[in-house]
Amino acid sequence: MSEQQAAAEQQFRIQKIYVKDISLESPDAPQIFTAGSAWKPEVNLQLNSTTNQLEEDRFEIALTLTVTVKVGEKTAYLIEITQAGLFQIAGVPGEQMGGLLGAYCPGILFPYAREAVSDLAVRAGFPQLLLEPINFDALYNQHRQQQAESAADAPETLQ
């Protein structure tokens, strides 16, 4: 089979993008608004991506962002969102599937989650928060490298 035929048989389709879970907490409100201190927030972002194979060629990818914003010792707000998508993927070789599921699909979901975080911050009475773009390819490659190093460091078991 030629490379052109193989590429023609590959399929990638976004079937649905949706919010699976979302929450906003502002534990120090209203004091955070009346403290009179300058708005110099410290932003902490945690990311996690999960893959759930629903059918042979259908996958749910869920990207979870946890954003904690502090001013001094006080927590201004905490936003957690799980942005998910249904993707139909067929005919993709195994060596390419990992990058597709672990980097490309989360990269598609991130702008939606980023927008929701910004909107929630504003709705909570805070200035707009624009998260920096994320290079999911670099994160995926770093994750694979860490897995390879962990596997190399693991003691061999005898049978």
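Let me start in the middle of the sheet: strand 3 (residues 58-71) and strand 4 (residues 74-90) run antiparallel and are joined by 14 bridges. Strands here are DSSP runs of E with at least two residues, helices are runs of H or I with at least four, and both are numbered from the N terminus. Two strands count as paired if DSSP finds at least two bridges between them.

Before going on, this is a predicted model, where local features need pLDDT of at least 70 and side-chain atom pairs count only at pLDDT 80 or more, while totals for chains, interfaces and linings use all residues. Residues are numbered from 1 along each chain as its sequence is written, and side-chain values use heavy atoms, with hydrogens and water left out.

Back to the sheet. Strands of a sheet pair through backbone hydrogen bonds, either parallel or antiparallel. In this model the sheet is open, has four strands in the order 1-4-3-2, and is paired antiparallel. Strand 1 (11-25) and strand 2 (42-55) are the edge strands, each pairing on one side only. On average, neighbouring strands are turned by 15 degrees against each other, direction ignored. For angles, axes are lines fitted to C-alpha atoms, for helices over the stretch in contact, and the angles run from 0 to 180 degrees between N-to-C directions.

Now the pairs one at a time. Between strand 3 and strand 4, Val-71 has Lys-74 as its bridge partner. Further along, Val-69 stands opposite Tyr-77, and Thr-68 has Leu-78 as its partner. These two strands form a hairpin with two residues between them, and Gly-72 in the turn has a positive phi of about 65 degrees.

Strand 2 and strand 3 also run antiparallel, joined by 13 bridges. Gln-53 stands opposite Phe-59 of strand 3. This pair, too, is a hairpin with two residues between the strands. On the other side, strand 1 pairs with strand 4 in the antiparallel sense over 13 bridges, and there Ile-14 has Phe-87 as its bridge partner.

How much of strand 3 is buried? Twelve of its 14 residues are buried, so strand 3 is largely enclosed by the rest of the structure. For strand 4 the count is 13 of 17 residues, so that strand is largely enclosed as well. Buried means under 20% relative accessible area, exposed means over 50%, and partly exposed is in between (1.4 Å probe, protein chains only).

Next, the helices. Helix 3 packs on the sheet and touches strand 1, strand 2, strand 3 and strand 4, and its direction makes about 140 degrees with that of strand 4. Contact means heavy atoms within 4.5 Å.

Two packed helices are described by the angle between their axes and the distance between the axes. For helix 3 (residues 94-123) and helix 4 (residues 136-153), the axes come within 9 Å and cross at roughly 145 degrees. From helix 3, the contact uses Gly-98, Gly-99, Gly-102, Ala-103, Pro-106, Gly-107 and Phe-110, and from helix 4 it uses Phe-136, Asp-137 and Tyr-140. By type, these residues are five nonpolar, four polar and one charged. In that scheme Ala, Val, Leu, Ile, Met, Phe, Trp, Tyr, Cys and Pro are nonpolar, Asp, Glu, Lys and Arg are charged, and the others, Gly among them, are polar.

That leaves the salt bridges. The rule is a side-chain nitrogen of Lys or Arg within 4 Å of a carboxyl oxygen of Asp or Glu, and it gives two. In one of them, Glu-60 meets Lys-20, with the closest N and O atoms 2.9 Å apart. Glu-60 lies in strand 3 and Lys-20 in strand 1, so the pair ties together parts that are 40 residues apart in sequence. Glu-60 counts as buried at 10% relative accessibility, whereas Lys-20 is partly exposed at 49%.

Another salt bridge joins Glu-55 to Arg-58, the closest N and O atoms being 3.3 Å apart. Glu-55 is partly exposed at 41% relative accessibility, and Arg-58 is partly exposed at 25%.

One last residue. Where does Lys-40 lie? Lys-40 is in the loop between helix 2 (31-34) and strand 2, and at 65% relative accessibility Lys-40 counts as exposed. The C-alpha atoms of Lys-40 and Pro-127 are separated by 11 Å, with their positions 87 residues apart along the chain.
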